[in-house]
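Welcome! Here is a short, friendly briefing to help you find your way around a structure you have not met before. Have the view open as you read.

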Amino acid sequence: MNIIQIHDTDLAGRNFNGYDLQEGLNARDISCKLIVKQKISHDDNVLELRNRKFVEEQLMILEDSLSVSHLFPPYYDLITELDEFQKADIVHYHMIHHFLLGLNDLPDIMGKKKSVFTIHDPWILTGHCVYPLECTKWRTGCKECTYLDKHFALNKDNSGVLWKLKEQVFRGLDIDIVVSCEWFRKYILESPITKDIKRIHVIPFGIKTEIFEECQKVEARNKLSIALDKKVIGFRLSDDMIKGCQYIWGMLDNIDNRDNLVLLCIGAGTVPEWILEKYQIIQIGWTNDQEKIIHFHTACDIFLMPSLCESFGVMAIEAMAAESVVICFSDTVLEEITDAPDCGVAVKYGDSADLGRKVVELIDNDEELCRRGRRGRGEMRVREDRKWSNATRRHLCAMRLCTQLRLCPWSGEVMYT
């Protein structure tokens, strides 16, 4: 079986964008290539498309002037002309809305080959935005959009037109859809755009739990020059309001500074000046280095993930595998992912004060902090749906089903139909 995957890059988000999956499939002697716009790794199984950055930028300017999105990405012909695409039995698509394929390209390109589409966020279900949050207009056509400034922003309200186009495109697609959790599967079933797609596979993103267990807190703290007697609060630094750093700033504004507290952040956002002056903070920056990511999580006692919306939340299970206690907002998928309230902690949605109360409660209670951390790591060890090997196997099963192969229900072996 020859499989190709399509995404915009390889190492960023490697455990859910297809890079680690192609490694796992090739290790099972299944030929798999990853096609990307930007290659960072040196992996021979990753193929970089010819650079069309200038053309891409001009077409994005055109889309902005017309107040539309994802109609004119210039990579369709580069993908379909590849020998690897021509020889593929299955094509697995990931985040095509990183200006990789246009909506009008999908019926043709997905009609050429058996296609699996991992939907990473709700963009495909809306007129233009990535996360609708409290807005429910995605259920009825996204008419009269009141959030045109949300990513992907529109200058004029063409949201309803784009929603209708998506409905027409998906109505005729014969594809398998992969989502990461039941919460997201409900979105797919409830959307008029995707409600007629019958083959939906729920495959949680797995992680290699053993790589987190190989790193000890002493080693991680030494790498980052953090004393062992400090309490370390980690989080992803992002200026995207969806990721919720504004609630962390609000929390920090309302708790007493403590000499034993260290803030550790990973990502490419901006820290307010007053926090830099008040707290000891270490910024790792954006990185694709797996070792640095492991050290980051292992050094933390608490990992804050106050996202307003997530479709899964890989960093949460990475933190749990590293024995860090995750605090998230209730009424999000993270509450389920972190096994709150047994392992993770879910606080009131969008409430900085409640977030701060729980942080203070945990950093003042070593026994509770240790208990939750160990329980979280224990969950990652035993949960089959969180193991990377199981995620790889389930993806392979979905692809075989896509090509009309079947697995024996009692042995798990492949049987042809």
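**The central sheet**

Six strands form an open sheet in the order S10-S9-S8-S11-S12-S13, and their pairing is parallel. Strand S10 (280-285) and strand S13 (345-347) are at the edges with a single partner strand each, so one side of each has no neighbour in the sheet. From one strand to the next, the twist averages 25°. Please keep in mind that this is a predicted model.

**Strand S8 and its partners**

- Strand S8 (residues 231-237) runs parallel to strand S9 (residues 261-267), and 7 bridges join the two.
- Two places to look along this pairing are Gly234, which stands opposite Leu264 in S9, and Arg236, which stands opposite Ile266 in S9.
- S8 also pairs with S11, again in the parallel sense, over 3 bridges.
- Gly234 takes part here too: its bridge partner in S11 is Phe303.
- Of the 7 residues of S8, 6 are buried, so this strand is largely enclosed by the rest of the structure.

**Helices around the sheet**

- Helix H12 (residues 290-299) lies across S8, S9, S10 and strand S11 (302-305). Relative to S9, H12 runs at about 150°.
- How many of the 8 residues of helix H10 (residues 245-252) are buried? The count is 6, so H10 is largely enclosed by the rest of the structure.
- The buried residues in H10 are Cys245, Tyr247, Ile248, Trp249, Met251 and Leu252.
- Strands that help cover these buried residues of H10 include S8, S9, S11 and strand S12 (325-329). Helix H11 (273-278) and helix H15 (352-363) are also among the elements covering them.

**Where H1 meets H17**

- Helix H1 (residues 19-27) and helix H17 (residues 388-402) have axes that come within 10 Å and cross at roughly 80°.
- That crossing makes H1 roughly perpendicular to H17.
- On the H1 side, the contact is made by Asp20, Leu21, Gly24 and Leu25. On the H17 side, Trp388, Thr392, His395, Leu396 and Met399 make the contact.
- As for character, the residues of this contact between H1 and H17 divide into 5 nonpolar, 3 polar and 1 charged.
- A handy point when viewing helices: an α-helix has 3.6 residues a turn, so residues three or four places apart point the same way.

Conventions: Residues are numbered from 1 along each chain as its sequence is written. This is a predicted model: local features need pLDDT of at least 70, side-chain atom pairs count only at pLDDT 80 or more; totals for chains, interfaces and linings use all residues. Side-chain values use heavy atoms; hydrogens and water are left out. Two strands pair if DSSP finds at least two bridges between them. Helices (H or I, at least four residues) and strands (E, at least two) are DSSP runs, numbered from the N terminus. Axes are lines fitted to C-alpha atoms, for helices over the stretch in contact, and angles run from 0 to 180 degrees between N-to-C directions. Contact means heavy atoms within 4.5 Å. Buried means under 20% relative accessible area, exposed over 50%, partly exposed in between (1.4 Å probe, protein chains only). Angles under 35 degrees count as roughly parallel, over 145 as roughly antiparallel, 65 to 115 as roughly perpendicular and the rest as oblique. Ala, Val, Leu, Ile, Met, Phe, Trp, Tyr, Cys and Pro count as nonpolar, Asp, Glu, Lys and Arg as charged, and the others, Gly among them, as polar.
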